[in-house]
Amino acid sequence: MNRSTLYAFALATLVLPSFLHAAPPATLSEVLATDATLRDVVFVDAQHGWAVGDRGVVLVTDDGGAHWYPQRSGVDCPLLSVSFVDDKRGWIVGGRATPLTHRSEGVVLRTIDGGTTWQQVVEPTLPRLTYVEFFDAANGVAAGYGSSFYPSGLFTTTDGGKSWQPIGSAQVSTWLAADFVSSGSGLLAGPRGARSVVLEREMRTAGTTTDARQPRAMVIDGASKGWMVGDNGMVLTTSDSGATWQPPATEPLAIDPITRRQWSWNSVAVQGNHVWLAGAPGSVIAHSADNGATWSTTTTGLRAPVTQMHFVDDRRGWTVGELGTILATTDGGRSWRRQRGGGHAAMLVVVATPEDVPLEVVSRYAAGEGFRTVVVPLFAAKTSSVTELDTHRVTEALTAAGAIVAPPLWAGEMLPVGYHASPETLMEEMNRRTDGLARDELLATAVLAIRTWQPDLLVVPHERNPNRDAGSTIAEQLAIEASRHAADSTQGLELATIDLPAWQVKRTVGLAPPGERGSIRVATDEFVPALGGSPASWSSLPRSLLFTKHTIPSPLDELELLSQLDGMATNTRDPFAGLQLPPACDARRTVVASNPNDLERLRKLTQKRGQLVRLLDYSEGNPIWSAQVVNLTGGLDPQTGGELVYQLAEGYRETGRHAMAADTMYLLARRYPDHPLTEQALVWLVRYYASGEVSHVTARQQAMQARTKPLANVDYKKSAGAPRNESIELPTNDDGGTATLTSDERLERASLLGGYLEKARPALYSEPALRFPLAVTSRKLGYNNTTERYFMVLGRSGSDRGWSSAARVENWLAKPDELPPSKPLVTCKATLSPPRLDGVFDEAMWKSAEMLRVATSAGRNDDTAATMQLARDTDYLYVAITCPLLRDEKYEATSASRTRDADLSAYDRVRLSIDIDRDYVSAYEMTVDCRGWTHDTCWGDKNWNPRWFVASKMNETNWTAELAIPWSEVVKPEPAVLDTWCLRVTRQNARGHSASWTGVSGDTPDSFGLLLFR
């Protein structure tokens, strides 16, 4: 029996009807894999080829693509690139993001038998890889995401991929497109115009560019020529080995400029003088027979995007893309035939940002009921939630929910969305950045998306209060208007000529904001047989990939019917009612047949999980559960059990029971060492034990009240699961519990955890966000040499998010005779006479105190910038704040009594973040608003209630606040002369816009300046 026959038999056992009893029904994972997005394709000759993609999919053909058969990769993460040197030896790379921490992990697979078996290369420190190329059986190159462990993001191998060596670089880089002619020579391109030329294994920056479009693919053509394509119509060519890039002589696509800019070219292939381009939409493929001097286009009969393309000569080629589609040509691209995949979307979800996706709705209908779903965000991300956009992580999250994510409608730079009081002001800013064309460009992109995906159901945000969320309001208005344009055959005639004819959306529903009711209700805890659980449990992983904090969905998602075609039936529980989309049609997958013998057990477990999740949520960290944690998770699978333990720990943390939270996190790490949330638990534990702020607050609490009992009735050794490595075991936590630890014992605990992580999770251990507080811990314990060595190495690196500059600060503080760091610095001088707290700064101490300014980076000298001064005596830290009144902001006098930890989000306010040990992780935060009302937390713990004093005043031009913070509340003893803390000062308005002293918002080290005591 030949291999084709064997593959056909294997495939038949997967797809034969269950009544023939040829094989068990396909699992949900197998069904989702059938139309998983394919990311790369390679052929070694006209017959033998491989395609790889999301969900660990690997496909193979030995007859030129007439038949494609699945291979077992052994992984379920996205596979992004494949390379073969013959029909036996090949390599695949890809990777995943870790939940909550969002650190990337790389995957390398290799085969020596044509993919019959794939072996995963064990390289735990590799980051996500996006490109691989081998030049013979031994020598290859891979590129992808740089990390703190491997900043360059570029690796080579000389032993067939068994081990990988990084190319040296101090700067952390991310590479999304690459091509190499040897392991030491090639071209790289990344986000925000990053480009590099590699010569003789040395990376050299390829000049500077203002072109921030995202690259998708590169091809080196000969010794010095090359092509690069990407988003927003990017097509560039080079004739000097990547030193300069310019557009080709003519545009590949003859359509109006606005629509052409919305086109994404995802792939380029070159054979001699022939160049082919394909992308999104996939309805046409452009071809040039004269190196780009002239172009022709061919319609493909496909609309879903093409992601990659490969030609073995100037006649035979293949493309792969969304919905598992594969096309082939044997006439140089003049005609294309479909070999696999296809179809269109049942549901198109338009949202303001990926974080706004109704994950439980998507999980239920896309994964649970097979409706093919596409998510189209207006913006790439909430600017306050990310510092470096990771599109692969967002794609991975929504793929895990069962959906496809399309590029955002707004292709420009990330906007401070929360700054805008209304949709009109947000649109004004977008118009300023597009010469007044924002609306036209966004509308053209939305129409393109609808005609590309051809959805029956359109889901949009439904903001009854348009000023509550300007981004969601614009997304709703655009999507509804675009659906009308997309259905009008008299508009977009150019799109019809490239096989994107008019498309009529049959029903539009609006997603109601939290707390508001709708006419269609989707229960998130309801058992869905195909999921083997509830939408809430299925969406747990996507949530952890989108957010850095564990979040619990609402019990109900509410949808409002906005419009539909005449005569269609509706159902309060089903947005698809009456749309006539049976299983296995072009817009819907086969519905998974559940095992009836297992349904009742799964239903009961789902009910138990849902009840426990809600119970723990409503009980808000009630200590009673500490004694019941092992019983609570009895009978649950490890994934659910670990999630509940983590939720219990979070409940304790959010209610100020940090010692109980730490003991519960420890229990999670020992009982579920391989759970996706365990990594975040270990990171939290290190930061918690290392924190000077938490240690001081805990010591004061222990001195003032009876000690909290440790986690009750938990035998850590008995309840622990098998460790990740029997020779690498988590330090025990059976010495009386966290609540009994002294300050020095807390530091020792942090150090022991660091030693464990260094051996068990080296890639995590290398991250500065973990190593920096561990280095601070070593300094406190007196291991100065270890600390100095780490800061010296980190200071010389190009580590991102400001960690390198933070390390250089430590080096300077150790040897202040050297040049000072490039970090903002303010001094706090001693005073003999305390001020009168009245909000009027007429004392001599304020006249001589140094002043810092709080403004946006674009308006450092404008007249709305706030100012702040600091002074001190032996008892208090004094702060003077002056804030000019902002336009369109609400200012009002209040006669109500000031309350502790009031909600200040509706008012102009200033927040001080004080980091006493310079770990850039934990800090005291004290906020005062224009009324003089306050809010305070210690490392996010709002149950910290320090005793501090505020006086405020307001007139027609500004408001002031004068603060007195007792040293005893934040440190013991008071700071000495030349002591240095980290300080972050942020002003926020009612719409969430931030202005910072350092000009950097967020929680990165760069957002902090230095506070020097004199």
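Me: How much space lies in the largest cavity?
Reply: This is a predicted model, where local features need pLDDT of at least 70 and side-chain atom pairs 80 or more, while totals for chains, interfaces and linings use all residues. Residues are numbered from 1 along each chain as its sequence is written, and side-chain values use heavy atoms, without hydrogens or water. A search of the whole structure finds eight cavities (sets of 1 Å grid points where a 1.4 Å probe fits but cannot get out) of 30 Å³ or more. The space in the largest cavity, counted as that filled by probe spheres set on the points, is about 90 Å³.

Me: Which helix gives the largest share of the lining of the largest cavity?
Reply: Lining residues have an atom within 4 Å of a point, and here they include Ala536, His550, Arg609 and Gln647. Two or more come from each of the helices (DSSP runs of H or I, at least four residues) H11 (540-546), H12 (596-619) and H14 (638-654). The largest share, three residues, comes from H12.

Me: Which residues have the most contacts inside the largest nonpolar core?
Reply: That core, a set of buried nonpolar residues joined through side-chain atoms within 4.5 Å, has 87 residues. Another core, of 65 residues, lies apart from it and includes Val235 and Leu500. In the largest core, the residues with the most contacts are Leu870, Ile881 and Leu983.

Me: How far from Cys883 is the nearest cysteine sulfur?
Reply: Cys883 is buried (under 20% relative accessible area), at 0%. The structure holds zero disulfides (pairs of cysteine sulfur atoms within 2.5 Å). For Cys883 the nearest cysteine sulfur is that of Cys930, at 8.9 Å.

Methods
On a 1 Å grid over the protein atoms alone, a cavity is a set of points where a 1.4 Å probe fits but cannot get out, and a pocket is an open set with protein on both sides within 12 Å along at least five of seven lines; lining residues have an atom within 4 Å of a point. Buried means under 20% relative accessible area, exposed over 50%, partly exposed in between (1.4 Å probe, protein chains only).
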